[in-house]
Amino acid sequence: MPLPPELLREVSRDEINALDVRRYVGEIVLVETPEQLARAMADLRSERVTGFDTETRPSFRVGESYPPALAQLATARAVYLFPLARMDFSAPLAEVMGAERLVKAGVSIGDDLKQLKKVVAFEEKGIVDVGTVVRRHGLKQSGVRNLAGLFLGFRVPKGNKTSNWAARRLSPQQIGYAATDAWVCRELYLRFEELGLL
């Protein structure tokens, strides 16, 4: 099904900047204890669609790179942040990423998966790149900010992208930013479902 003409268009930076900023305002769980992990897994096992994203410490020198420092999964009830250097999340994340009946929706998700495989061994199933979905329907702009503006009617804040995600303590701004990214991916998937794009 082709996109309606009002959605099949380029969005200017000015149009995006004119939109209200929205951040995730629900519960955010920074998973740091076995109890928090058990709760996150119970929620994820009962979910149908989760928004997925990762954050990596930025590198500023040629040839320098870091493994992902954070994996984010958004459900209808909460967003769970997994600080990958603080606990061994390999078994639970392998289970989630390999769960066929749980959709993991993200934007430009291929690189996230490749990087995550450097710290967790898994076979991914149920992956949907919402950017790829709209490109198949003829839309050229498929970044998370453009998609949120066009399909959800708000602007996603982008201020913390290059902050140190490997820090011992994440700031409230980092936590909010990371949660918002995963939540937006889930919201986009649900909107695309409504529009019959999937």
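**Entry 1: Gln115**

Before looking anything up I wrote down that a residue counts as buried when its relative accessible area is under 20%, as exposed when that area is over 50%, and as partly exposed in between. I also noted that the model I am reading is a predicted one.

I began with Gln115, which I found in helix H4, a helix that covers residues 109–116. Is Gln115 buried or exposed? Its relative accessibility is 17%, and because the cut-off for buried is under 20%, I entered Gln115 as buried. I then asked which residues Gln115 touches once its neighbours within four places in sequence are left aside, and I listed Tyr66 and Pro68.

**Entry 2: Ser108**

I next looked up Ser108, which sits in the loop between strand S5 (103–106) and H4. I noted that Ser108 has a positive phi of about 50°, although this residue is not a glycine. With a relative accessible area of 48%, Ser108 falls between the two cut-offs, and I therefore recorded it as partly exposed.

**Entry 3: H2 and H3**

How do helix H2 and helix H3 lie with respect to each other? I found that the axes of H2 (residues 34–45) and H3 (residues 90–98) come within 11 Å and cross at roughly 10°. Angles under 35 degrees count as roughly parallel, so I described these two helices as roughly parallel to each other. For the contact itself, I wrote down Leu37, Met41, Leu44 and Arg45 on the H2 side, which meet Pro92, Glu95 and Val96 on the H3 side. Sorted by class, this contact of H2 with H3 has five nonpolar residues, no polar ones and two charged ones.

**Entry 4: H6**

I turned to helix H6, residues 144–152, and listed its buried residues as Val144, Leu147, Ala148, Gly149, Leu150 and Phe151. Against which helices do the buried residues of H6 pack? I found helix H1 (13–18), helix H5 (130–136) and helix H7 (172–194). After H6 comes Gly153, and I noted that its phi is positive, near 80°.

**Entry 5: the second largest pocket**

Last, I looked up the second largest pocket, for which I entered a volume of about 210 Å³. Its lining is made up of 16 residues, and those nearest the centre of the pocket are Ala69, Leu84, Ala85, Trp165 and Ala166. Which element gives the largest share of this lining? I found that strand S3 (residues 68–74) does, with three residues. By class, the lining of this pocket divides into 13 nonpolar residues, no polar ones and three charged ones.

Conventions:
Residues are numbered from 1 along each chain as its sequence is written. This is a predicted model: local features need pLDDT of at least 70, side-chain atom pairs count only at pLDDT 80 or more; totals for chains, interfaces and linings use all residues. Side-chain values use heavy atoms; hydrogens and water are left out. Helices (H or I, at least four residues) and strands (E, at least two) are DSSP runs, numbered from the N terminus. Buried means under 20% relative accessible area, exposed over 50%, partly exposed in between (1.4 Å probe, protein chains only). Contact means heavy atoms within 4.5 Å. On a 1 Å grid over the protein atoms alone, a cavity is a set of points where a 1.4 Å probe fits but cannot get out, and a pocket is an open set with protein on both sides within 12 Å along at least five of seven lines; lining residues have an atom within 4 Å of a point. Grid points are joined across faces, edges and corners, and a volume is the space filled by probe spheres set on the points. Ala, Val, Leu, Ile, Met, Phe, Trp, Tyr, Cys and Pro count as nonpolar, Asp, Glu, Lys and Arg as charged, and the others, Gly among them, as polar. Axes are lines fitted to C-alpha atoms, for helices over the stretch in contact, and angles run from 0 to 180 degrees between N-to-C directions. Angles under 35 degrees count as roughly parallel, over 145 as roughly antiparallel, 65 to 115 as roughly perpendicular and the rest as oblique.
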